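Here is a short report on one protein chain. Look at the model first, then read on.

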Amino acid sequence: MEQFRQIGEVLGSLNALMVLQDDILINQRQCCLLLDIFSLAFNTVAEDIRQNLKLEEKHTKWRALEQPLKELYRVFKEGETYVRSCMSNKDWWGKVINFHQNKDCVEFHIHNLFCYFPAVIEAIETAGEISGLDPSEMDRRRVVFSRKYDREWNDPKLFQWRFGKQYLVPKDICSRFEHSWREDRWNLVETLQEKRKSKSDEIGKTEKRLADFLLKKLTGLEQFNGKLFPSSILVGSKDYQVRRRLGGGGQYKEIQWLGDSFVLRHFFGDLEPLDAEISSLLSLCHSNILQYLCGFYDEEKKECSLVMELMHKDLKSYMKENCGPRRRYLFSVPVVIDIMLQIARGMEYLHSNEIFHGDLNPMNILLKERSHTEDTFLASAMSSQSQLRLIINEFSRKIQTKLNTQKLHSFVTKSQLARDPYFATQLVRYYSLNDDLISARKLFDVFPERSVFLWNSVIRAYAKSHHLGPASSLFSQMLSSDTKPDSFTYACLARGFSESSDTEGLRCIHGNAIVSGLGFDQVCGSTLVKAYSKAGLTFKASKLFYSVAEPDVPLWNAMLSGYGSCGYWDEGISMFNLMLRQGNRPDCYTMVALMTGVIDPGLTLVARSVHGFCLKVNLDSHSYVGCALVSMYSRCKCIASACGVFSGISEPTDLVACSSLINGYSKCGHHKEALCLFNELRMSGKKPDSVLVAIVLGSCAELSDSLYGQEVHSYVIRQGLELDIKVSSALIDMYSKCGVLDSAMTLFAKVPEKSVVSFNSVILGLGLNGFASSAFEKFDEMLEMGLQPDEVTFSALLCTCCHSGLLHEGQEMFMRMKREFGVEPRTEHHVYIVKLMGMAGKVEEAFEFVMSLPRPVDTGIWGALLSCCEVHEDAQLAEVVAEKIRENEEEERRSVYNVMLSNVYARYGKWDEVEMLRDGVSESFGGKLPGISWV
């Protein structure tokens with residue numbers, strides 16, 4: 001009971017301190033979060049004590065609680081010390097340096113609470129089993145507590161219902177874990193700005209310069225790119241003082257600076273070779289990793305200094321100094337557990353960033369005292385100072401810039417690592433990711449010991465860039481070398497031939513794979529099935545699939561994905577049923593592959609059936625499946641169902657899920673909703689890609705409001721996406737449709753490498769705004785540059801002719817499209833030609849043109865002709881066209897065309913026919929909906 005009372009005292013102290021929370025200048029939100037979660041934990045423990053224990057037994061049966069409550073008291077006391085430190089204005093600048101990038105509130109104090117809180121709950125229940133004098137009551141409790149570990153409680157919903165209040169943190173507090181740190185960061189930015197603007201006599205010149213650089217770092221205006229803070233900020237401070245030299249040959253010093261103690265680590269020489277190492281050290285930010293807080297550089301002396309947090313000693317030295325015959329057990333069990341937990345958290349952080357320590361030993365575990373209780377507890381942080389380890393860390397990253405790749409290449413060449421195939425393979429991969437195939441090939445050609453991984457890396461680089469000639473040549477060299485291809489070699493080549501639509505090369509690779517005995521390998525087989533499907537050869541893919549004796553789930557998924565990508569949803573459903581009958585259990589990738597083929601609004605029932613199966617097998621909770629469901633419903637124009645699925649996704653700001661719903665909103669005409677969700681996504685800190693930005697710009701264009709478009713354009717500039725071809729084309733299209741043609745033409749002029757897509761956008765923009773001659777000039781300019789026009793180009797040109805009434809030019813362009821450029825006319829091209837003829841009064845010729853088209857004729861073409869009949873009041877021909885539409889179109893669309901025909905009848909005074917048609921329309925829609933107008 002005494003320990004619980006002490007915890008209450010600490011909580012009371014915290015509540016008293018937080019009365020003045022508005023005066024906290026550093027980490028105010030995190031201090032409030034800490035108080036709230038401590039209060040929640042205290043109240044939960046108190047409720048558990050009330051339910052399970054009796055006060056009169058506190059000296060006998062409560063002993064099981066002593067140690068867990070002692071640990072919990074320590075956690076609360078350390079939290080109180082953290083809050084006091086944040087509240088104190090003493091040595092404020094030193095606290096800014098220490099606190100400006102750490103997340104100790106969540107990563108240390110709250111994590112400690114999560115570790116020790118369950119132990120307290122378990123101890124209370126253990127004591128509760130023997131509490132009281134009634135044997136039957138004790139037996140009942142014992143049964144209840146023992147059933148707590150039954151398997152049935154593994155179900156998340158059951159666990160939340162039964163134990164959620166006891167063990168789970170409410171969602172509103174969880175959401176503050178990240179938001180509190182971000183809010184404190186911005187509050188610190190505002191405070192620094194105020195300090196910088198204050199009078200010169202209030203803060204010194206050095207502090208103002210420090211504030212400037214910290215602001216750039218905190219706001220992201222100046223990332224680490226070889227430029228560190230000037231060393232004059234450090235050595236020019238009034239209280240800067242070197243206290244003593246530490247180990248490491250004079251490389252490390254303990255310094256006094258800004259009222260606090262730090263360690264200074266020195267690097268000497270040019271900065272450029274040190275970029276990779278310094279960048280890695282400064283990027284690490286965790287309470288259990290040695291903190292490098294900031295860096296300084298002296299241009300004249302060629303000296304770099306990194307400021308580190310001060311640790312007292314390493315674990316090896318501590319053990320050596322304190323162990324002896326009289327003290328064989330250096331740490332108590334709680335201290336050992338605490339140190340192990342801290343090491344585990346540090347390792348978890350490194351692994352989450354794909355950094356592998358590689359040398360965990362007592363010399364790399366640094367300690368300092370942090371206890372405020374009887375036992376001595378130590379804060380531990382892992383040191384990572386070896387240059388080799390940093391190089392390995394750099395090579396473990398998924399991507400590197402071209403400049404960093406060249407630096408790593410230079411280092412490997414000069415060191416003893418030059419003959420290691422691992423580093424060569426990674427360098428080839430980095431060069432290929434930066435589209436530098438020449439450097440990748442040069443490295444490969446000079447490397448003496450070529451492993452299969454190195455061969456695969458360079459072949460994959462060429463195949464992925466669709467340079468299939470060099471890829472095939474390298475494959476031939478590999479066949480004649482000592483290193484033979486593996487399944488991944490054939491897989492990357494098959495993928496390359498498929499993406500380039502080279503079916504002959506794909507068949508050749510397939511043949512080679514069979515000859516080598518790898519044709520039915522899981523990796524190779526799955527890739528070949530996908531490759532044939534993407535190339536449109538689903539028959540060949542299915543033949544290959546059925547030749548496998550016992551296909552595994554990935555192979556089933558590959559085949560389903562193939563059917564889906566080709567639009568054969570019915571074949572996909574049949575294969576899915578066969579998969580179930582053969583006893584294969586579908587996974588999340590199976591369901592996503594099945595959904596890929598459901599793309600038509602008429603397949604809503606199929607979409608709901610697939611969704612129902614996901615619910616049945618409990619796959620709907622998977623974020624990957626949730627995003628695919630949102631996308632599927634969006635394609636089927638079921639936006640309400642898409643929103644329902646989206647609201648159930650665990651992370652509402654998931655980038656893929658938001659992208660799917662925004663795309664759905666855009667397709668269904670809910671453009672304002674698309675823009676609102678896009679803004680929410682940006683505010684959450686996620687970075688939408690160029691495809692999503694292009695979709696949102698399309699919604700801005702449909703709203704014909706350049707204000708929304710300008711807002712998105714500003715975001716594009718901030719993110720550096722203005723040179724992306726999809727984004728630049730979407731911007732041109734948006735400004736054109738909003739009538740701001742000057743901005744569209746300015747953007748087009750700034751595009752460095754103009755493509756067919758950008759020309760299509762500007763041609764359509766000029767045409768929509770009535771500048772037909774300029775649009776044709778752009779088309780001629782496009783041809784002079786050697787660009788090949790596509791079907792979208794001719795759609796834009798024919799649209800231009802429609803807007804300007806240029807019948808002769810439109811017909812000529814339609815003839816050139818197939819004769820000169822080999823582009824087959826599509827439905828939209830036929831619609832424009834019919835409109836051109838009809839608007840020019842040549843309705844009969846337009847009818848003859850439509851009758852000459854291959855059957856069945858798309859209803860959109862008949863609808864264009866009917867609109868022309870309405871304009872020219874040709875009731876007789878309108879009846880014929882309407883009859884053609886009735887033969888093919890569904891009820892809803894048919895009613896739309898009946899309204900057009902009724903308008904023709906009304907002009908001729910045929911009111912009986914008008915009444916009959918409009919009665920039919922009313923029955924179809926269940927009554928006319930009221931109209932709305934902005935006027």
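## Repeats from the record

The C-alpha atoms at the two ends of residues 755-789 lie 10 Å apart, and this span is 74% helix and 0% strand. Residues 790-825 also have end C-alpha atoms 10 Å apart. That span is 75% helix and 0% strand. Helices (H or I, at least four residues) and strands (E, at least two) are DSSP runs, numbered from the N terminus.

The model is predicted: local features need pLDDT of at least 70, side-chain atom pairs count only at pLDDT 80 or more, and totals for chains, interfaces and linings use all residues. Residues are numbered from 1 along each chain as its sequence is written, and side-chain values use heavy atoms, with hydrogens and water left out.

Both spans come from UniProt, where an unreviewed entry places the feature "repeat: PPR" at residues 451-485, 552-586, 654-688, 755-789 and 790-825. UniProt positions follow the numbering used here, feature names are shortened, and annotations may be inferred rather than shown by experiment.

## Overall make-up

The protein has 46 helices and nine strands. Of its 935 residues, 48% count as buried. Buried means under 20% relative accessible area, exposed means over 50%, and partly exposed is in between (1.4 Å probe, protein chains only).

Contact means heavy atoms within 4.5 Å. Among contacts in the protein with a separation of 6 or more, 64% are between residues 24 or more positions apart.

## Nonpolar cores

The largest nonpolar core has 151 residues. Met591, Met595, Val693, Val712 and Leu865 have the most contacts inside it. Apart from it lies another core, of 43 residues, among them Leu11, Ala46, Ile49 and Tyr73. A nonpolar core is a set of buried Ala, Val, Leu, Ile, Met, Phe, Trp, Tyr and Cys residues joined through side-chain atoms within 4.5 Å. In soluble globular proteins, nonpolar side chains tend to be buried together.

Which residues does valine 712 touch, not counting residues up to four places away in sequence? They are Leu675, Phe678, Val693, Val696, Leu697 and Cys700.

## Helices 19 and 20

Helix 19 (residues 452-464) packs against helix 20 (residues 468-479) at an angle of about 160°, with the axes 7 Å apart. That makes the two helices, 19 and 20, roughly antiparallel. Axes are lines fitted to C-alpha atoms, for helices over the stretch in contact, and angles run from 0 to 180 degrees between N-to-C directions. Angles under 35 degrees count as roughly parallel, over 145 as roughly antiparallel, 65 to 115 as roughly perpendicular and the rest as oblique. On the helix 19 side, the contact residues include Trp455, Ile459 and Tyr462. On the helix 20 side, they include Leu474, Phe475 and Gln477.

Glutamine 477 lies in helix 20. It is partly exposed, with a relative accessible area of 33%. Leaving aside neighbours within four places in sequence, glutamine 477 is in contact with Arg441 and Trp455. The C-alpha atoms of glutamine 477 and tryptophan 455 are separated by 9.8 Å, and the two residues are 22 residues apart along the chain.

## Helices 42 and 43

Helix 42 (residues 843-851) and helix 43 (residues 859-871) pack at an angle of about 170°, with their axes 10 Å apart. Helix 42 and helix 43 are therefore roughly antiparallel to each other. Val843, Ala846, Phe847, Val850 and Met851 of helix 42 make the contact with Ile861, Trp862, Leu865 and Cys869 of helix 43. Leu865 is also one of the residues with the most contacts inside the largest nonpolar core.

## Two buried polar residues

Threonine 527 lies in helix 23 (residues 522-534). It is buried, at 10% relative accessible area. Threonine 527 touches Ala491, Ala494 and Arg495, not counting residues up to four places away in sequence.

Asparagine 584 sits in the loop between helix 26 (569-581) and helix 27 (588-596). Is asparagine 584 buried or exposed? It is buried, with a relative accessible area of 18%. Leaving aside neighbours within four places in sequence, asparagine 584 is in contact with Pro551, Trp556 and Met579.

## Positive phi in two loops

Lysine 302 is not a glycine, yet it has a positive phi of about 55°. It is found in the loop between strand 5 (292-298) and strand 6 (303-309). Lysine 302 counts as partly exposed, at 35% relative accessibility.

Asparagine 618 has a positive phi of about 60°, although it is not a glycine. Its loop runs between helix 28 (604-616) and helix 29 (623-635). At 55% relative accessibility, asparagine 618 counts as exposed.
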